[in-house]
Amino acid sequence: MNIEDFVNNIGGMISELISTREEESIIIANDTMALVRNRIQNDKEDADGTEFGQYSETVVPRWMLKGKSLSDGAEEKVKKGAWFQSYVDLREANNLPTDAINFTFSGDLMRNLGIVTIKNTQYATTVSLGGQTTRAAEILSHQAERHGNILSVSEDEAQMVKEAHEERINNIISKYLR
């Protein structure tokens with residue numbers, strides 16, 4: 001490769017890196033969200049590896065749980081249950097795990113987490129993650145009081161996403177500098 005080809009290839013590489021920056025940022029954000037979602041729902045831990053805790057076993061009058069179930073069968077279990085029941089009882093009636101908090105009841109929160117803003121400047125693209133619906137944003141805000149930002153990224157998650165991004169960048173570089 002002569003110097004002219006090298007310069008042209010560098011120009012092509014820079015052009016591709018710039019033109020794919022937003023698309024790559026969206027991929028990075030979605031990869032990050034998938035890792036965070038997996039940790040929250042399966043490991044039931046925050047970004048520091050601390051369990052979110054247990055569901056409340058404080059009992060409330062049965063009528064306070066009315067209409068909260070995911071199915072008619074679960075609603076019947078609640079109606080026919082004790083006069084005073086807990087959130088754990090409600091989750092059990094709906095066949096949901098009760099061992100540790102995973103922020104999943106109907107699945108609406110986890111389904112509606114993702115990219116909420118994309119901002120481009122001449123030199124950078126910033127993608128923000130959060131609740132994509134008013135309800136999801138409200139749940140995150142409410143849970144932040146007790147658990148902090150549950151969408152915080154762990155060091156391991158950040159490293160995995162960084163390595164995947166570096167591989168994509170290196171593939172572009174390799175394409176132009178063979």
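## Starting point

Two residues are in contact when they have heavy atoms within 4.5 Å of each other. Keep that cut-off in mind when this report says that one part covers or touches another. The structure above is a predicted model.

## Helix α2 and its cover

Begin with α2, which runs over residues 21–43. How far apart are the end C-alpha atoms of α2? They are 32 Å apart. The helix has 23 residues, and at 1.5 Å a residue it should span 33 Å, so the two values agree. The expected span uses one less than the number of residues.

Which residues of α2 are buried? They are Arg-21, Glu-24, Ser-25, Ala-29, Thr-32, Met-33, Val-36, Arg-39 and Ile-40. Look at the spacing in that list. An α-helix has 3.6 residues a turn, so residues three or four places apart point the same way. The cover over the buried residues of α2 includes two strands, β3 (113–120) and β4 (125–131). It also includes the helices α1 (3–19), α5 and α7 (155–176).

## Ala-29: one buried residue up close

Ala-29 sits in helix α2. Its relative accessible area is 6%. The limit for buried is under 20%, so Ala-29 counts as buried. What does Ala-29 touch, leaving out residues up to four places away in sequence? Its partners are Ile-115, Val-127 and Leu-129.

Ala-29 and Leu-96 are 67 residues apart in sequence. In space, their C-alpha atoms are 29 Å apart.

## Two nonpolar cores

In soluble globular proteins, nonpolar side chains tend to be buried together. Here the largest nonpolar core has 16 residues. Which members touch the most other members? They are Ile-40, Phe-103, Leu-109, Leu-113, Ile-150 and Leu-151. Three helices each supply at least two residues of this core: α2, α5 (108–111) and α6 (134–147). There is also a second, separate core of six residues. Among its members are Val-78, Leu-90, Leu-96 and Phe-105.

Leu-109, from the largest core, shows how such contacts link up parts of the chain. Setting aside residues up to four places away in sequence, Leu-109 touches Phe-103, Ala-136, Ile-139, Leu-140 and Ile-150.

## The largest pocket

How much space lies in the largest pocket? It holds about 890 Å³. The pocket is lined by 29 residues. Closest to its centre are Tyr-87, Phe-105, Arg-135, Ile-139 and Gln-143. Two of these names have come up before: Phe-105 belongs to the second core, and Ile-139 touches Leu-109.

Helices α4, α5 and α6 each give at least two residues to the lining. The largest share comes from α6, with seven residues. The lining is a mix of 13 nonpolar, 10 polar and six charged residues.

## Two residues with positive phi

Lys-44 is not a glycine, yet its phi is positive, about 60 degrees. Lys-44 follows α2 and lies in the loop between α2 and β1 (60–61). Is Lys-44 buried or exposed? Lys-44 is buried, with a relative accessible area of 11%.

Asn-95 is not a glycine either, and its phi is positive at about 55 degrees. Asn-95 lies in the loop between α4 (87–93) and α5. Its relative accessibility is 64%. Exposed means over 50%, so Asn-95 counts as exposed.

## Distances along the chain and in space

Three pairs of residues show that separation in sequence does not set separation in space. Lys-79 belongs to helix α3 (residues 72–80) and is partly exposed at 45% relative accessibility. Lys-79 and Glu-22 are 57 residues apart along the chain, and their C-alpha atoms are separated by 51 Å. Thr-133 is in the loop between β4 and α6. At 31% relative accessibility, Thr-133 is partly exposed too. Thr-133 and Arg-37 are 96 residues apart along the chain, with 16 Å between their C-alpha atoms.

Last comes Lys-175, in helix α7. Lys-175 is partly exposed, with a relative accessible area of 41%. What distance separates the C-alpha atoms of Lys-175 and Asn-9? The distance is 9.0 Å, although their positions lie 166 residues apart along the chain.

Technical notes:
Residues are numbered from 1 along each chain as its sequence is written. This is a predicted model: local features need pLDDT of at least 70, side-chain atom pairs count only at pLDDT 80 or more; totals for chains, interfaces and linings use all residues. Side-chain values use heavy atoms; hydrogens and water are left out. A nonpolar core is a set of buried Ala, Val, Leu, Ile, Met, Phe, Trp, Tyr and Cys residues joined through side-chain atoms within 4.5 Å. Buried means under 20% relative accessible area, exposed over 50%, partly exposed in between (1.4 Å probe, protein chains only). Helices (H or I, at least four residues) and strands (E, at least two) are DSSP runs, numbered from the N terminus. On a 1 Å grid over the protein atoms alone, a cavity is a set of points where a 1.4 Å probe fits but cannot get out, and a pocket is an open set with protein on both sides within 12 Å along at least five of seven lines; lining residues have an atom within 4 Å of a point. Grid points are joined across faces, edges and corners, and a volume is the space filled by probe spheres set on the points. Ala, Val, Leu, Ile, Met, Phe, Trp, Tyr, Cys and Pro count as nonpolar, Asp, Glu, Lys and Arg as charged, and the others, Gly among them, as polar.
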